[in-house]
Amino acid sequence: MVKRNTTKPKKKGVAPVAAIPRKGKAHAALLADLHVLGRDDVDWKKGRVFSLVYHASDAHSAFLKEAHNAFFSENGLNPLAFQSLRRMEKDVVRMALTLLHGDANACGTMTSGGTESLLLAVKMARDHARKKKPWIRRPNIVLPRSAHPAFDKAGEYFGVALKHAALDDEMRVDMKSLKKLVDRNTVMVVASAPQYPHGVMDPIEQVGAFAQKKKLLFHVDACVGGMVLPFLEKLGQPVPAWDFRVPGVTTISADLHKYGYTAKGASVILHRSIATLKHQFFVATEFPGGVYISPSMPGTRPGGPIAAAWAGMQAMGEDGYLALTQKALTATQKLRAGIRGIEGLRLVGDDPTTIVCWSSSNDAIDVYAVADAMQDKGWLVDRQHQPPTVHLTVTANHLPIVDEYLRDLRASVAHVRAHPELKSRGDAAMYGIMARMPIRGAVKLAVDSVIEEMYGPENSGEGGARGDGPVAKLLDKYGATAIETLDRLANVKKRAKTMLAMKLRTKAR
Ligand SMILES: Cc1ncc(COP(=O)(O)O)c(C=O)c1O
């Protein structure tokens, strides 16, 4: 979330650019600058980052670039002008539908990524209700607490309320909680296959049966799982039913630029039938420039990601996907076994997916302090909260580094056990406070100031959560005390809850 302070000496970089140069610069010099700019980015090729990049092989990437470049200038906005792109999009959607057991009535479109697919699912549900249930004034969608924040973004953009259902002890959506939240203004229910934070599969069959009973739309977010679960199933893993084979599922999102190993900017939103797809479209009839039709969010639709998906999925073939999935599965199993064997750590979620999530099982081991130690060893660590955990999206690219990861993790845990004070130092203190802070508005304020600093005009913002802003100063001064106080408060709250539950039980008897 926030960059760590480093004390490395600064290498010679590229000077900031304030205006288009008066005279065009030489291509070679600019390409060299690009190389310099990328020099300090995370080294994903060596597998030291566990999400963001899905790399099959150098040869596959080179092929994707070639396919992408072949349609670099083409624009899917007008499918009549570029019938090639329309045809490719149709093929990509059909390949995905076949994989996810859509029948001949199923249909869909490509989008630029998971977020756009989810934005469209929410917009579609709102517009479907406007037509079918016009009495609904304030539509809402019921979804698990673990569903991707793109749904919340969509709710904010499109004026749809999001009602978050609780998770059970295994981090699956709690059916009781989900059912309780549905009311007469609910236009859709959502579940994930799997959810991103812990890699856990929501109970899709149960949600599907409930959605059917209540005559509700049901979106399955398989953005991260859509292109890997079918191959895990073919490899004999006990993947629970989650796709169009489940009655009640009306739409599915699946990202191609994740486990589909295609170029970035590619996902699909799939519909069981045209009945919902038509509410995804946008049509403007009064524009002086002519009738404007748009199937998805953007106007201009870059041809590159469509062509790369079309070519990439075929180049990979079922055999290629199975081979990559087998490697990712082996890496996942080795990681889980290794983590199970580290005293002080525990796995969160253990479903047949390729996401690994660990936490501490012992108060002596602070997750964020272990994360800092791992980061010091050169790993990019995906820290999560509620509860504090670390997330790993595992791909074939990680198989060669699993042993090294586990060795570093064992050493980091031992280091943190020997130095309990680390929990209130550096980034661990900041993540600790952010995770424990009961007033979430204060966390938002701190994060807002980081965003302002990143994207606002020069010299704006008051400094970030780190750096030398006021939040950082407070952290440096009160980090340790603040964490202790928040922990004490949490303990008091926990004790009060247990006492109340005991009292209620005695009363009931
Ligand atoms: C379950 C899930 N849904 C949606 C998304 C959003 O995808 P994108 O980052 O491509 O917009 C992600 C991203 O990790 C995800 O894991």
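These questions and answers go through a predicted model of a protein chain with a ligand.

Me: Which helix gives the most residues to the shell around the ligand?
Reply: The ligand is surrounded by Gly113, Gly114, Thr115, Leu118, His148, Ala150, Ser192, Tyr196, Asp221, Cys223, Val224 and Asp255. Among these, Gly114, Thr115 and Leu118 have numbers inside the range 114-132. With 3 residues, the most from any helix comes from helix 4.

Me: How many residues of the shell around the ligand are charged?
Reply: Asp, Glu, Lys and Arg count as charged. The residues around the ligand include Asp221 and Asp255. Beside 5 nonpolar and 5 polar residues, the number of charged residues in the shell is 2.

Me: Are helix 4 and helix 5 oblique or parallel to each other?
Reply: Helix 5 covers residues 150-158, and its axis comes within 9 Å of the axis of helix 4. The two axes cross at roughly 45 degrees. Angles under 35 degrees count as roughly parallel and 65 to 115 as roughly perpendicular, and the relation of helix 4 to helix 5 is therefore oblique.

Me: What is the handedness of the crossing of helix 4 and helix 5, and how many charged residues has their contact?
Reply: The crossing is right-handed. The contact is made by Gly114, Thr115, Leu118, Leu119, Val122, Lys123 and Arg126 of helix 4 and by Ala150, Phe151, Lys153, Ala154, Gly155, Tyr157 and Phe158 of helix 5. Lys and Arg count as charged. Alongside 8 nonpolar and 3 polar residues, the contact has a charged count of 3.

Me: Why are helix 2 and helix 10 called oblique?
Reply: Helix 2 (residues 58-70) packs with helix 10 (residues 303-340), their axes 7 Å apart and at an angle of about 140 degrees. An angle over 145 degrees would count as roughly antiparallel, and 65 to 115 as roughly perpendicular. The pair is therefore oblique.

Me: How many charged residues are in the contact of helix 2 with helix 10?
Reply: Helix 2 passes helix 10 in a right-handed crossing. Helix 2 brings His60, Phe63, Leu64, Ala67, His68 and Ala70, and helix 10 brings Gly304, Pro305, Ala307, Ala308, Ala311, Gly312 and Ala315. By class there are 9 nonpolar and 4 polar residues, and the charged residues number none.

Me: Which residues of helix 11 make the contact with helix 13?
Reply: Helix 11 (residues 367-376) and helix 13 (residues 426-436) have axes that come within 8 Å and cross at roughly 145 degrees. Their crossing is right-handed. Helix 13 takes part through Gly426, Asp427, Ala428, Tyr431 and Gly432, and helix 11 through Tyr368, Ala369 and Asp372.

Me: Which residues are joined by a cis peptide bond with omega of about 0 degrees?
Reply: One cis peptide bond joins Ala193 and Pro194, with omega about -15 degrees. Pro194 is in the loop between strand 4 and helix 7. Another proline, Pro387, lies in the loop between strand 12 and strand 13. The cis bond with omega of about 0 degrees joins Gln386 and Pro387.

Me: Where is His101 found, and what is its phi?
Reply: His101 is in the loop between helix 3 (83-99) and strand 1 (107-111). His101 is not a glycine, yet its phi is positive, at about 65 degrees.

Me: How far apart are the C-alpha centres of domain 1 and domain 2?
Reply: The chain is divided into domain 1, residues 69-314, and domain 2, residues 428-508. The distance between their C-alpha centres is 34 Å.

Technical notes:
Residues numbered from 1 in each chain as written. Predicted model: local features only at pLDDT ≥ 70, side-chain atom pairs only at ≥ 80, totals over all residues. Near = placed C-beta within 6 Å. Helix = DSSP H or I, 4+ residues; strand = E, 2+ residues; numbered from the N terminus. Axes fitted to C-alpha atoms, helices over the stretch in contact; angles between N-to-C directions. Left-handed = near helix turned anticlockwise from the far one by under 90°. Contact = placed C-beta atoms within 7 Å. Domains from an automatic or database assignment.
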